[in-house]
Amino acid sequence: MDCTFGGGGHAIEILKKMEAPGSLIALDRDVEAVDRGLSLEAEHPNLKVLHRNFTEVKDVAIEEGVVGKVNGILADLGTSMFQLKDPGRGFSFSTDGPLDMRMDTSTGLTAADILNSYEEEELIRIFRDYGEERYARRIAREVLARRKRSPYENTLAFARQIEDVYGGRRGRIHPATRCFQALRIAVNEELESLPHFLDSALEVLAQGGRMVVISFHSLEDRIVKNFFRDKSRNCICPPSQARCTCGGNNAQVQLLTRKVVRPSQWEVDRNPASRSSRLRAAEKLGVPS
Ligand SMILES: C[S@@+](CC[C@H](N)C(=O)[O-])C[C@H]1O[C@@H](n2cnc3c(N)ncnc32)[C@H](O)[C@@H]1O
């Protein structure tokens with residue numbers, strides 16, 4: 001299962017390596033990604049692309065009759081180049097567009113809705129925690145002042161406002177980068193959906209099946225790292241307990257990546273978007289006898 005189909009780059013490589021009677025179920029919450037996938041289905045009869053959130057991976061596996069039979073699960077988190085480059089989706093501030101940022105445009109609050117309605121403290125939390133924005137408090141205050149005059153609608157108005165807080169555009173990255181990332185994470189509830197996905201994905205994997213997660217944000221990577229670490233522990237007794245009483249045979253996965261895997265310079269030169277990616281993988285163990 002490729003749970004983040006996007007532009008289908010990974011899916012196509014997986015299909016090339018797959019032998020009959022293997023099949024690939026691909027999910028994406030973005031209807032445009034799914035449309036791209038559907039057009040590939042004719043060429044690849046063993047590909048099935050579905051418009052689903054990866055938090056529903058277990059429901060999908062039940063519907064498809066593959067619970068406990070899936071040999072590989074991939075999640076390549078974040079946004080695709082198709083989403084980033086389309087000004088109409090509102091992820092980027094290089095061209096003006098509606099402040100939307102929803103990966104699934106059929107549901108949920110847009111980035112503009114959040115800027116126009118959230119309390120100051122909640123905006124501060126989003127900019128600070130999801131964006132590591134050092135001027136989170138000041139930017140949130142400016143948002144409240146500005147939205148009283150006119151509600152947010154477009155990307156550039158918000159990007160320019162952040163530029164003003166920074167006193168112009170200095171440095172290598174645009175000053176709005178962190179707040180845009182933070183809003184995107186909030187709009188798509190990215191950090192809330194990840195733990196749910198990881199638990200469900202482990203349930204649908206076959207014994208010996210492998211799970212690979214690529215993340216682009218340190219908070220996401222921490223969730224993946226802790227999940228794999230916890231599931232690879234044999235002893236699940238509380239740390240305060242001196243003697244093990246759990247049986248010490250509880251590991252559900254074996255780590256395939258002891259340390260996080262980062263792209264090589266060779267890869268970054270050819271694919272600059274891979275720069276901040278971090279990959280972790282684990283294999284599901286059998287049930288202890
Ligand atoms: C980085 S791109 C994937 C690129 C893909 N691996 C490729 O090779 O083209 C991430 C994709 O995951 C999708 N996505 C993000 N969160 C999702 C979720 N919770 N459920 C389903 N799809 C999601 C996005 O819509 C986007 O298309």
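**Note on the predicted model**

1. In this predicted model, strands β4 and β6 run antiparallel to each other and are joined by six bridges. Within this pairing, Val213 has Arg280 of β6 as its bridge partner.

2. On the pairing of β3 with β4, the sense is parallel, again with six bridges. Strand β4 covers residues 205-215. Two positions illustrate the register: Ile73 has Met211 of β4 as its bridge partner, and Asp76 stands opposite Ile214 in β4.

3. These pairings belong to an open sheet of four strands, arranged in the order β3-β4-β6-β5 with mixed pairing. The edges are taken by β3 (70-76) and β5 (253-255); each has a single partner strand, so one side of each has no neighbour in the sheet. On average, and with direction ignored, neighbouring strands of this sheet are turned by 20° against each other.

4. Which helix packs on the sheet? Helix α11, formed by residues 218-231, does so, and touches β4, β5 and β6 (278-284). The direction of α11 makes about 25° with that of β6.

5. As to overall composition, the chain contains twelve helices and six strands. The chain is divided into two domains: domain 1 comprises 9-81 together with 191-284, while domain 2 comprises 105-187. Between the C-alpha centres of domain 1 and domain 2 there is a separation of 30 Å.

6. Regarding overall dimensions, the C-alpha atoms fill a box of roughly 65 × 60 × 40 Å when taken along the principal axes. The radius of gyration of the chain is 21 Å; a compact globule of 289 residues would have a value near 19 Å, and the two therefore agree.

7. The surroundings of the ligand deserve a separate point. There are 19 residues around the ligand, and those that come nearest are Thr4, Gly6, Gly7, Gly9 and Asp30. The elements giving two or more residues to this shell are α1 (9-17) and β1 (24-28). By residue class, the shell divides into eleven polar, four nonpolar and four charged residues.

8. Two features of the backbone should be checked by the reader in the structure. Most residues other than glycine have a negative phi, and most peptide bonds are trans. The peptide bond from Ala20 to Pro21, however, is cis, with omega near 5°. Pro21 is located in the loop between α1 and β1, the two elements named above in connection with the ligand shell.

9. Where is Met101 found? Met101 lies in the loop that runs between α4 (81-85) and α5 (111-117). Although Met101 is not a glycine, its phi is positive, at about 70°.

How values were computed. Residues are numbered from 1 along each chain as its sequence is written. This is a predicted model: local features need pLDDT of at least 70, side-chain atom pairs count only at pLDDT 80 or more; totals for chains, interfaces and linings use all residues. Domain bounds come from an automatic or database domain assignment. A residue is near a molecule or strand if its C-beta atom, placed from the backbone, lies within 6 Å of it. Ala, Val, Leu, Ile, Met, Phe, Trp, Tyr, Cys and Pro count as nonpolar, Asp, Glu, Lys and Arg as charged, and the others, Gly among them, as polar. Two strands pair if DSSP finds at least two bridges between them. Axes are lines fitted to C-alpha atoms, for helices over the stretch in contact, and angles run from 0 to 180 degrees between N-to-C directions. Two residues are in contact if their C-beta atoms, placed from the backbone, lie within 7 Å. The radius of gyration is taken over C-alpha atoms; the globule rule is 2.2 Å times the number of residues to the power 0.38.
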